[in-house]
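Here are my comments on the model you sent round. Have it open in a viewer while you read, since the points go from the whole chain down to single residues.

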Amino acid sequence: MRGDAVVLDVDGVLVDVADSYRRAIVESVATVYDETIERDDLQAFKDAGGFNDDWELTHAVALYVLASREGLDMTIDEFTDHIAGTGGGLDAAETVVADSLAPDERERVLAAWDRDRLRDVFQQRYLGRDLYRELEGGEPEPEIAGEGLINDEPTLVDPATIDRLTTEFSVGVLTGRPAVEADIALDRVGLDVPEDYRFTMDDPAPGKPDPTALVALAEEFDAHRTVFVGDTLDDVRTAVNASETDSNREYLGVGVLTGGLSGKSGREKFERAGAEAVVETVNDLDGLLEPT
């Protein structure tokens with residue numbers, strides 16, 4: 001596979017977030033509502049699409065928990081299938097709940113659904129005491145904020161892979177992380193990416209699978225063939241959507257099996273979503289990519 005530029009997702013590609021972001025989601029819902037889902041069930045939400053923002057994913061999980069208390073008769077797979085069929089993301093989750101419950105049940109769910117509290121608990125758990133004070137400007141709750149799950153993110157990319165990519169290609173980053181949290185992860189793996197070559201949650205572009213940010217990076221690089229490497233179906237869909245949007249360039253989506261998708265089923269899901277290639281880890285790019 002040949003390309004001019006390589007754009008990398010962060011979570012599940014450069015760092016493992018199973019014990020950080022994903023753990024923060026299920027634990028935050030449990031803290032606020034004394035009930036949650038299994039961590040493995042989060043992948044069904046990711047596959048449904050539209051959950052590039054883990055705060056919104058936390059809100060959707062809480063919505064499912066609250067709606068189930070009020071009589072929502074759906075398994076997680078059924079709920080997320082309905083989300084996918086309604087367009088994906090948090091708005092779709094709200095629509096599914098609204099269409100599935102009686103008006104009084106729906107009102108009780110919405111009254112109990114405290115997104116501000118969920119986000120705050122998430123940040124306390126993920127950032128930990130010190131970073132929460134520094135970045136959020138508040139005083140953490142001792143029973144919630146510990147050392148910070150952000151410290152439990154093993155690196156997935158080898159220094160040799162970083163060296164080759166940055167030597168032979170223009171390299172960018174497209175992530176749903178806030179900019180400060182993206183900086184922490186990039187520093188951890190030793191990847192120095194100029195601000196003009198990255199898009200984070202803090203930038204005005206819509207989230208994946210909207211192709212706006214990926215097309216903007218390709219334009220910044222003046223690249224004819226841009227390879228986007230991610231761990232979710234929305235990452236691959238972003239490359240597919242960019243190809244449909246920008247006829248002047250080529251966009252190739254590569255799925256990696258170090259996020260929530262793995263094994264034969266993960267490979268098949270990536271391929272059905274339009275992946276040009278699927279690799280076990282980001283380090284396998286070394287045997288896949290060649291500069292144009």
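The points below start with the overall fold, move through the sheet and end with one helix and one serine.

1. First, a reminder that this is a predicted model. The protein chain holds 12 helices and eight strands. Its radius of gyration is 19 Å, close to the 19 Å that the globule rule gives for 292 residues, so the chain is as compact as a globular protein of that length. If you want box dimensions, the C-alpha trace spans about 60 × 40 × 35 Å along its principal axes.

2. How much of the chain is buried? Of the 292 residues, 51% count as buried. The exposed area of the protein chain is about 12,600 Å², with carbon and sulfur atoms supplying 42% of it. As for contacts with a separation of 6 or more, residues 24 or more positions apart account for 70% of them.

3. Now the sheet. Six strands form an open sheet, and the order to keep in mind is β4-β3-β2-β5-β6-β7, with parallel pairing. β4 and β7 are the edge strands, each pairing on one side only. As general background, strands of a sheet pair through backbone hydrogen bonds, either parallel or antiparallel.

4. At the β4 end, two bridges join β3 to β4, and these strands run parallel. To find the register there, look for Val 173, which stands opposite Arg 198 in β4.

5. Strand β6 (residues 250-256) deserves a closer look. Is it mostly covered or open? Mostly covered: six of its seven residues are buried. On one side, six bridges join β6 to the parallel strand β5 (residues 225-230). Arg 225 stands opposite Glu 250 in β6. To get from β5 to β6, the chain passes through helix α11 (residues 233-245), and this β-α-β crossover is right-handed.

6. β6 also pairs with β7 (residues 277-279), through three bridges and again in parallel. Here Val 256 is the residue opposite Val 279 in β7. Helix α12 (residues 263-273) completes the picture: with β6 and β7 it makes a right-handed β-α-β unit.

7. Next, helix α10 (residues 212-221). Which of its residues are buried? They are Ala 213, Leu 214, Val 215, Leu 217, Ala 218 and Phe 221. If you check the spacing, recall that an α-helix has 3.6 residues a turn, so residues three or four places apart point the same way. The cover over the buried residues of α10 includes the strands β2 (5-8), β3 (170-174), β4 (198-199), β5 and β6, along with helix α11. Just after α10, Asp 222 takes a positive phi of about 55 degrees, in case your backbone checks flag it.

8. Last, Ser 28, which lies in helix α1 (residues 21-33). Why does Ser 28 count as buried? Its relative accessibility is 0%, and buried means under 20%. The side chain of Ser 28 reaches the backbone oxygen of Ala 24 at 2.6 Å. Leaving aside residues up to four places away in sequence, Ser 28 touches Thr 58, Leu 118, Val 121, Phe 122 and Arg 125.

Key: Residues are numbered from 1 along each chain as its sequence is written. This is a predicted model: local features need pLDDT of at least 70, side-chain atom pairs count only at pLDDT 80 or more; totals for chains, interfaces and linings use all residues. Side-chain values use heavy atoms; hydrogens and water are left out. Buried means under 20% relative accessible area, exposed over 50%, partly exposed in between (1.4 Å probe, protein chains only). Helices (H or I, at least four residues) and strands (E, at least two) are DSSP runs, numbered from the N terminus. Two strands pair if DSSP finds at least two bridges between them. A crossover is right-handed if, with the strands pointing away from the viewer, the path from the first strand over the helix to the second runs clockwise. The radius of gyration is taken over C-alpha atoms; the globule rule is 2.2 Å times the number of residues to the power 0.38. Contact means heavy atoms within 4.5 Å. Accessible areas come from the Shrake-Rupley method with a 1.4 Å probe; for residues, only the protein chains shown count as cover. A polar contact is a pair of N or O atoms within 3.5 Å; within protein, one must be able to donate a hydrogen and the other to accept it, and residues adjacent in sequence count only if both atoms are side-chain atoms.
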